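User: Please take me through the charged side chains of this model, with the cut-offs stated as you go.

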Amino acid sequence: MTTGFTQRGAHRLGGDRLAAGLIGCLMLLGSGAAGAQEEDGLTLDGEGITLRFLEGRAELNLGGRLYLDLGDGSVSDDQAYDIFDKNLDITQARIELSGSYDGWLNGAYQYDLADNEAPLKDVALAVAWQPVVVTAGNVKEPFSLEEVTSDNDLTFMSRSVANAFAPGRNVGLAIAAAQDDWTAAAGIYGGNINESFEDGGTGITARVTYAPVRTAQDIVHLGGSIGYRDLDSGEASFSTTPESDLFNASLVDTDTLDDAQSLTRFGLEAAWQRGPVRVQGEYVFTQVERDGGQGDPDFQGGYLMLAWVINGPGRPYSTDLPNYGGELGRFEGVELDEAQRVTQGGYGVFELAGRLSGIDLDDRDVAGGRQGDLTLGLNWYPDENVRVMANYVRAEVKDAPETGGDEHADIFQMRLQVAF
């Protein structure tokens with residue numbers, strides 16, 4: 001799903017991207033995840049290829065992910081929208097290098113061969129002192145439970161339409177802390193490493209979470225995010241497609257907002273998991289401060305979802321301090337018992353889910369449209385590193401800016417996911 005905030009006027013980097021890649025490799029040469037108790041040597045397992053050296057004090061890991069998506073669908077006005085460039089596509093093909101030394105110096109470098117626009121993902125160097133980790137590099141800003149959840153662990157194939165307001169990855173300096181049932185993360189950020197981050201303005205983002213109930217049977221998660229960014233370019237826009245990475249057309253779009261001086265965002269999140277059933281929801285509010293006399297438009301979005309792991313336990317909930325960045329206070333991927341794996345003669349684990357989401361891009365003189373999505377999903381986990389997903393998406397749009405009327409889209413899609 002194409003979704004998010006766009007800052008106009010940024011130029012592409014050629015040599016700078018190559019330099020960033022070389023810097024990432026050099027960072028990892030001097031680092032290696034903590035393995036002080038591990039023996040030296042090379043191992044191959046569900047975590048990828050791992051090299052331990054210096055008597056187990058240093059570790060380098062090579063992992064990756066591959067998403068193969070298949071999808072088709074329709075839109076009410078097929079003359080106005082070109083909805084699918086491809087019906088079968090590799091939507092992610094990521095190489096992931098990580099490493100640490102002695103548990104306190106950590107590095108990461110990720111490159112997505114399937115993303116021509118922004119191939120560099122996490123490029124980071126971090127120093128950790130329990131319970132705090134300080135990170136410098138291109139990482140996700142700590143905003144929204146859905147955003148900080150890895151693509152590998154998302155319940156659906158795409159994030160909700162409300163994710164259009166999440167700031168995503170940018171270059172910055174961040175600090176994160178976690179202990180027992182609470183987490184906190186904050187940072188100051190420029191632009192994305194794949195673009196001209198010198199012209200990206202400056203943003204400050206923070207997120208806190210608390211789990212007042214955390215037992216073997218019940219988990220209650222509460223959280224909030226706040227972010228502010230000044231805009232050097234003076235322009236901004238918001239848009240989103242329906243909840244599909246293959247669907248090509250944005251059905252709601254603010255177009256370029258001139259005289260944009262800054263963005264302010266607030267997010268609230270909550271989740272309750274009892275056994276294998278989880279209810280989760282978020283609300284995001286975004287205001288664009290403008291200097292042209294048109295007034296400051298307010299936009300909003302949110303979602304509510306229900307998920308059930310049919311023949312397994314609920315998803316693990318983690319407040320563990322990450323090796324780098326601020327992706328903490330979240331639900332992780334579905335786990336399998338050894339006997340449930342297809343390779344051991346089992347049938348895997350199945351997960352059923354549904355989500356309602358919406359986004360409103362109409363306010364003041366901005367007529368970006370309003371969209372609501374219903375997404376139904378079935379996931380099959382045949383083994384530790386493999387997932388097969390099937391999603392049906394129904395999108396309803398009021399006052400679509402492209403046609404001026406109401407539109408709808410229906411999408412069916414599947415994914416084969418391999419991640420290690």
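User: How many salt bridges does the count come to?

Analyst: A salt bridge is taken as a side-chain nitrogen of Lys or Arg within 4 Å of a carboxyl oxygen of Asp or Glu. This is a predicted model, in which local features need pLDDT (the predictor's confidence in each residue, from 0 to 100) of at least 70 and side-chain atom pairs count only at pLDDT 80 or more, while totals for chains, interfaces and linings use all residues. Residues are numbered from 1 along each chain as its sequence is written, and side-chain values use heavy atoms, with hydrogens and water left out. By this rule the count of salt bridges is 28.

User: Which residue forms a salt bridge with Arg-65?

Analyst: Arg-65 lies in strand β4 (residues 58–75), strands being DSSP runs of E of at least two residues and helices runs of H or I of at least four, numbered from the N terminus. Its partner lies in the loop between α2 (145–148) and β9 (169–179), so the pair ties together parts that are 86 residues apart in sequence. Both residues are buried, which means under 20% relative accessible area, with exposed over 50% and partly exposed in between (1.4 Å probe, protein chains only). The closest N and O atoms are 3.9 Å apart, and the partner is Asp-151.

User: Is Arg-274, which forms a salt bridge with Asp-218, buried or partly exposed?

Analyst: The closest N and O atoms of Arg-274 and Asp-218 are 2.8 Å apart. Arg-274 lies in strand β16 and Asp-218 in strand β12 (residues 218–230), so the pair joins parts 56 residues apart in sequence. Asp-218, at 12% relative accessibility, counts as buried, whereas Arg-274, at 45%, counts as partly exposed.

User: How far from Arg-265 is the nearest side chain of opposite charge?

Analyst: Arg-265 is placed in strand β16 (residues 260–274), and it is buried yet has no salt bridge. A polar atom of its side chain does lie 2.7 Å from the backbone oxygen of Phe-165. For the charge comparison, Lys and Arg count as positive and Asp and Glu as negative, His and the chain ends not being counted. The nearest side chain of opposite charge belongs to Glu-141, at a distance of 5.6 Å.

User: Which backbone oxygen lies 3.2 Å from a polar atom of the side chain of Arg-415?

Analyst: Arg-415 lies in strand β24 (residues 407–419) and counts as buried at 4% relative accessibility. Its C-alpha atom is separated by 7.5 Å from that of a residue 258 places away along the chain. That residue also supplies the backbone oxygen, and is Met-157.

Key
A polar contact is a pair of N or O atoms within 3.5 Å; within protein, one must be able to donate a hydrogen and the other to accept it, and residues adjacent in sequence count only if both atoms are side-chain atoms.
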